[in-house]
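Trainee: I would like a close look at one part of this protein, the largest pocket and the strands around that topic. Please take me through it in one go.

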Amino acid sequence: DQAQDQVDAVYHGDELLIGLNSAYLIDVLRTMDDDEVELYCDKSNNAVRLASPEQPDDVYVIMPMRL
């Protein structure tokens, strides 16, 4: 099964298409108690790093799915 969702974001750079397992993303977001999350990725097939501006020492990594 597949689904698409859009979220409000501030993004700088070229267009990037990336697929993440929603269960993994939700698991990470549930552990973070912040309203804002920063996602760092440079290519659609590289790992995505998630961090909170309020707790930058807590870092999470999610591997993307092939599209």
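Trainee: Before the pocket, what is the mean pLDDT of the protein chain, and what share of its residues reach 70 or more?

Mentor: This is a predicted model, with a mean pLDDT of 87 for the protein chain and 99% of its residues at 70 or more. Among the elements, E1 has the lowest mean pLDDT, 91, and strand E3 (residues 59–62) has the highest, 95.

Now the pocket. The volume of the largest pocket is about 1900 Å³. It is lined by 35 residues, and those closest to its centre are Asp 5, Val 7, Ile 18, Leu 20 and Leu 39. By class, the lining comprises 20 nonpolar, 7 polar and 8 charged residues. Helix H1 (22–31) and strand E1 (38–40) each contribute at least two lining residues. The largest share, 4 residues, comes from H1.

Leu 39 leads from the pocket to the strands: it is among the residues closest to the pocket centre, and its bridge partner in E2 is Leu 50. E1 and strand E2 (residues 48–51) run antiparallel and are joined by 3 bridges. E2 is in turn joined to E3 by 4 bridges, and these two also run antiparallel. Across that second pairing, Val 48 stands opposite Ile 62 in E3.

Side-chain contacts with rings come last. Arg 49 lies over the face of Tyr 40, at 4.1 Å from the ring centre. As for ring-to-ring contacts, a search of the whole structure finds 0 aromatic pairs.

Technical notes:
Residues numbered from 1 in each chain as written. Predicted model: local features only at pLDDT ≥ 70, side-chain atom pairs only at ≥ 80, totals over all residues. Heavy atoms only, no water. Phe/Tyr/Trp six-rings, centres within 6.5 Å; stacked < 30°, edge-to-face > 60°. Lys NZ or Arg CZ within 6 Å of the ring centre and 35° of its normal. 1 Å grid on protein atoms, 1.4 Å probe; cavity = no way out; pocket = protein on both sides within 12 Å on 5 of 7 lines; lining within 4 Å. Points joined across faces, edges and corners; volume = space filled by probe spheres on them. Nonpolar A, V, L, I, M, F, W, Y, C, P; charged D, E, K, R; others polar. pLDDT = per-residue confidence, 0-100. Pairing = 2+ DSSP bridges.
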